[in-house]
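Work through the exercises below with the model open. Try each task before reading its solution.

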Amino acid sequence: MTELSPPPVLPRAARVATWTVFALCGFAVGMWVVHIPVIERATGVSHTALGALLLVLGGSALVGMQVTGPLADRFGHPRVVSVAGVLVGVAVVLPGFAANWWTLGLALAAFGFFNGSLDVAMNAHAVVVERAYPRPIMAAFHAMWSIGGAIAAVVGAAVLGAGVPALVSLGGTGVLCIVVSLVVRRYLLDSSEEAAEETAEEAEPTRTPARVVWLLGLLAFALMLSEGVANDWAALYLRDGLGTSESTAALAYGSFAVAMTVGRFATDRVAALAGPVAVVRYGSGLAALGLAIASLAPWVPLSLCGWALFGLGLSGGVPQLFTAAGNLDKRASGALMARVVGVGYVGLLAGPAIIGGLAHWVPLNVAFLLPLALCVVAVVFAPAMKPRG
């Protein structure tokens, strides 16, 4: 009596499942973000203490990335993505139980670690899914993360407005993460057979040069630092630099975020026609131009156009860098992805703080010269995206 093997996973099903995982991750992070003021008040921590605890979250995410990358290569992406998603579902509830600064710190350390784990695992799996397609599809996955965050903003505003306790709404988020992570497991592609075939074909496996990995990481650092600057400083610049109201100032980040999301949905088609090098090079150039306009424009509408161009230019670069990292070596795509994502994540965390430090000495629009210069650096070193050999 022969044992029936499960039917193979179709690339389209894997693509939809991976879309779902990215949106789920963005939703979980977004639900935490909208509950920050409530959690801060419930635990009685100060703004300064909260800032330090958010660094704990970021640091634990970096550790989670580095731990999970090799695990994904060893145990398979579907298993690690599913387990990480379940653990994110458990961890996102923990801040709702926090009663003081140290319990909140433990909760954020756990949430950061498992969110970082899911981040690396789902990006590594996205590269595997993309290899099953004849055209680029990576940027759309990142767009789905943004969509998940936008949905969280709407849902979070609704539950907060209805007076739903944080523990209940975060608990619902956790249940959703657990259920969806278990359901999508069967639709994810297993990369172990692909890696085994490549190993068998290569009599003497070549080792990926460390300088290539670090160069991709530094490009990710430059572009993600620039993104972090827009996230935290765009609205403040419009309010303080151009003297707008709080509501008008919020349009700066809104124009950036909408342009980035739309750009990510369009990037895959551009990458298919022009290639990843062109996406990084010309996208970074457009981002530099947009930031220059945003920081020098004397009129609010023109500055908003600049922030939109900045978001549009940055939208496609990071997904292309992650794809390049994951394709350097199919046998170690998770570990390589973890290094590049980790270095880029450092930029995302450090960017707002660096600009804040510079703003003590120079006007804010002058401090924006740093991300502008990093975008120019990305233009120069974009050829690092070219496939090896």
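**Exercise 1: a helix and its length**

Task: compare the expected span of helix α11 (residues 276–296) with the distance between its end C-alpha atoms.

Solution. Helix α11 has 21 residues, and at 1.5 Å a residue these should span 30 Å. The rule is 1.5 Å times one less than the number of residues. The end C-alpha atoms of α11 are 30 Å apart, which agrees. Helices here are DSSP runs (H or I, at least four residues), numbered from the N terminus.

This is a predicted model: local features need pLDDT of at least 70, side-chain atom pairs count only at pLDDT 80 or more, and totals for chains, interfaces and linings use all residues. Residues are numbered from 1 along each chain as its sequence is written, and side-chain values use heavy atoms, leaving out hydrogens and water.

**Exercise 2: a salt bridge**

Task: find which residue meets Glu 227 in a salt bridge, and say whether each partner is buried or exposed.

Solution. Start with the pair. The side chain of Glu 227 meets that of Arg 264, at 4.0 Å, N to O. A salt bridge needs a side-chain nitrogen of Lys or Arg within 4 Å of a carboxyl oxygen of Asp or Glu.

Next, place the partners. Glu 227 lies in helix α9 and Arg 264 in helix α10, so the pair ties together parts 37 residues apart in sequence.

Last, check burial (under 20% relative accessible area; exposed is over 50%, partly exposed in between; 1.4 Å probe, protein chains only). Glu 227 is buried at 15% relative accessibility. Arg 264 is buried too, at 5%.

Key. Helix = DSSP H or I, 4+ residues; strand = E, 2+ residues; numbered from the N terminus.
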